[in-house]
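Q: I would like a close look at a single part of this structure, followed by a look at its surroundings. Please take the part one aspect at a time.

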Amino acid sequence: MELFGLPLASIYLYALIISGILTILYVLFADVLHVDTGDGGLHFLNPVLIFAFITILSAGGYLFERLSSLHSLLILAISAVISLILVTLLNVFVLVPLSSAEESLVYKESDLRGRIGLVITSIPADGFGEVLIESASGRIAKPASSFDHEAIPNGTKVLVIQVKDGVLQVTVYQKNESLIPY
């Protein structure tokens, strides 16, 4: 069967090439060409899903046209169903989890106030040492100075009081004993 004077296999191949190129360009320039579908339930209008649907549809159509003797409308229907299933799986198992994932593991220095760390390089009374703070996303080693201007030995638990110019100001951590007798 022919359409616009071209065999359907050629049309599927051209659609595959064009949609593949557009998909690659969109992935590279997605931040510039960002389309916000909002929370209005139009998540299926995501350009990645549309390009993936057209790419899979045209790839399936091309392969079926070249390798089978099925009728062209049946090939289009089979390719559309396969494409719809694969794009749905792509959306459910890749795009939705990625969109709800943590954007970054970056922390603000002000978030370190009140955290408990461990001195890994001794802090002299009027000098700098290093403190290791553990968090859910990993470990953070930061330069530190003594808030009370007292020497703090290696291996001591410290409490971060404040952060000035990227340097933690810490004091020795003292766990409060319960005032209620048992």
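Which exposed residues does the face of H1 turned away from its buried side carry?

A: In this predicted model, the face of helix H1 that is turned away from its buried side carries the exposed residues Ile18, Ile24 and Leu28. The helix itself runs over residues 8-28, and because 21 residues at 1.5 Å a residue should span 30 Å, the 30 Å between its end C-alpha atoms agrees with that expectation. The buried residues of H1 are Leu8, Ala9, Tyr12, Ser19 and Tyr26; they cover an arc of only 115 degrees around the axis, which puts them on the same side of H1. An α-helix has 3.6 residues a turn, so residues three or four places apart point the same way.

Elsewhere in the model, five strands close into a barrel with mixed pairing, in the order S3-S4-S5-S7-S6, and the twist from one strand to the next averages 55 degrees. Within that barrel, strands S6 (residues 157-164) and S7 (residues 167-172) run antiparallel and are joined by six bridges, with lysine 164 standing opposite valine 167 in S7.

The largest nonpolar core has 12 residues, among them Leu112, Ile133, Ile140, Val160 and Leu168, and strands S4 (129-135), S5 (138-146), S6 and S7 each supply at least two residues of this core. Leaving aside residues up to four places away in sequence, isoleucine 133 touches several residues, including Leu112, Ile140, Val160 and Leu168, and also Arg115 and Arg139.

Key
Residues are numbered from 1 along each chain as its sequence is written. This is a predicted model: local features need pLDDT of at least 70, side-chain atom pairs count only at pLDDT 80 or more; totals for chains, interfaces and linings use all residues. Side-chain values use heavy atoms; hydrogens and water are left out. Two strands pair if DSSP finds at least two bridges between them. Helices (H or I, at least four residues) and strands (E, at least two) are DSSP runs, numbered from the N terminus. Axes are lines fitted to C-alpha atoms, for helices over the stretch in contact, and angles run from 0 to 180 degrees between N-to-C directions. The expected span of a helix is 1.5 Å times one less than its number of residues. Buried means under 20% relative accessible area, exposed over 50%, partly exposed in between (1.4 Å probe, protein chains only). The arc is that of the directions from the helix axis to the C-beta atoms. A nonpolar core is a set of buried Ala, Val, Leu, Ile, Met, Phe, Trp, Tyr and Cys residues joined through side-chain atoms within 4.5 Å. Contact means heavy atoms within 4.5 Å.
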